[in-house]
Amino acid sequence: MPTKNAMKGEPRIAVIGAGHWGPNLIRNFHNHQTSEVAWVVDRDESRLALTRSRHPDIQVATDPAVALADPSVDALIVATPTMTHYHLAAAALRAGKHVLVEKPMATTPAEAEELCDLAARHGRVLMVGHVFLFNAGIRRVKEYLGDGRLGRIFYLSMVRTNLGPIRMDVNAAWDLAAHDVSIANYWLDAAPSHAAAHGGCWINRGVEDAVFATLWYPDDVIAHLQVSWLSPRKVRDITVVGEEGMLTFDDMNLSEPIRIYDKRVSDQRTPGFIDTFASFRTSIREGDILIPRVALGEPLKAECDHFIECIANGARPLTDGRSGVAAVRALAAMAGSMANGGRKEEV
């Protein structure tokens, strides 16, 4: 939601969570040009000690209430375990702070909706850390799809695997598929209507280490997602198949992430009575492969800059609360499907 009044001056930030992702957020926000980090909060004293050694001018605490009570803090960054996102973001919004919360923003649609309501009620910016939407390659694909480069879209195949990090509070879908759901929603300008999923628990009881999910979008578009933190290879690969062409996006290929294929299948059947092979055969076109040049940059920096701009200008974020709600709804439907033997669930 846009803010009621734009910020004046350099906003002061509190970062909650200094673990795996937190230091990257601290580095981007503590630049003394567009923003500065006033507080870093973490329950782990060793992480706070490391923060002190790198940034002696930042105050540290083990209790988020300290940063929330500081009237000079304009915004709160939530980079903590998934199960804590809703409670911390809600407390920050009630305290009148702008919020950037890592994905997923909550673990139930009701909690995600409440965060949006709180942001609207208090006139604060609520942004969700769907960082891949700030990836230049992802945005370029969005342009191609918007221009109709591939024609009508048939399906998306999305694979995101690695060996670790293994979570204990949420499964691989909540941790990893959140990225792919946000990308699919962004590319298709839509949210899925139904979801189905299967998963396997091998490391920790009740926590799926690998999830295979299908999402149904408007206009008969299907997205298939494979996510796992129990795989020997780090893969971030997406295939988009359309009526007039096909495209691949490989986030691990930093120099050439996108390939556009002039490949398609056309129906060559002869109208009327079919009595020969030529009457019902299809034609496969094998054309050229285009590799566009993409200057990738740093998506996280672009995300952080966007958050500061939205605070300053009262603008609506690209990854606002509503986009976060849509992702949570899809993830919750996947969880419901796995709990019911892979049954197709309404999102």
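**Surface patch, helix packing and salt bridges**

A nonpolar patch of about 520 Å² lies on the surface of the predicted model. The residues that make this patch are Leu163, Ile166, Trp202, Ile203 and Leu230. Leu230 belongs to strand β11, which covers residues 230-242. With a relative accessibility of 36%, Leu230 is classed as partly exposed, because that class lies between the limits of 20% for buried and 50% for exposed residues.

Helix packing was examined for α6 and α7. Helix α6 comprises residues 136-146 and helix α7 residues 172-188. The two helices pack at an angle of about 35°, and their axes are 9 Å apart. The crossing of α6 past α7 is right-handed. On the α6 side, the contact is formed by Ile138, Arg139, Val141, Lys142 and Leu145. Helix α7 contributes Ile183, Tyr186 and Trp187 to this contact.

Charged side chains were considered next. Side chains of opposite charge can pair when their charged atoms come close. In total, 18 salt bridges are present in the structure. One of them joins Glu114 to Arg94, with a distance of 3.1 Å between the closest N and O atoms. This pair connects distant parts of the chain, since Glu114 is located in helix α5 (residues 109-122) and Arg94 in helix α4 (residues 85-94), with a separation of 20 residues. Both partners are classed as partly exposed: Glu114 has a relative accessibility of 29%, and Arg94 has a relative accessibility of 47%.

Helix α5 also holds Glu113, which forms a salt bridge with Arg322. Here the closest N and O atoms are 2.6 Å apart. Arg322 is found in helix α10 (residues 321-339), and the pair again links distant parts of the chain, the two residues being 209 positions apart. At 40% relative accessibility, Arg322 is likewise partly exposed.

A further salt bridge is formed between the side chains of Arg264 and Asp262, with an N to O distance of 2.9 Å. The relative accessible area of Arg264 is 26%, so this residue counts as partly exposed. Asp262 falls into the partly exposed class as well, with a relative accessibility of 23%. Elsewhere, Asp42, Asp44 and Arg47 are joined into one network by salt bridges that share partners.

Conventions
Residues numbered from 1 in each chain as written. Predicted model: local features only at pLDDT ≥ 70, side-chain atom pairs only at ≥ 80, totals over all residues. Heavy atoms only, no water. Patch = residues over 30% accessible without salt bridge, like charges linked within 9 Å, V, L, I, M, F, W, Y side chains within 5 Å. Areas by Shrake-Rupley, 256 points an atom, 1.4 Å probe, with all protein chains shown as cover. Salt bridge = Lys/Arg side-chain N within 4 Å of Asp/Glu carboxyl O. Helix = DSSP H or I, 4+ residues; strand = E, 2+ residues; numbered from the N terminus. Buried < 20%, exposed > 50% of the residue type's maximum accessible area, 1.4 Å probe, protein only. Axes fitted to C-alpha atoms, helices over the stretch in contact; angles between N-to-C directions. Left-handed = near helix turned anticlockwise from the far one by under 90°. Contact = heavy atoms within 4.5 Å.
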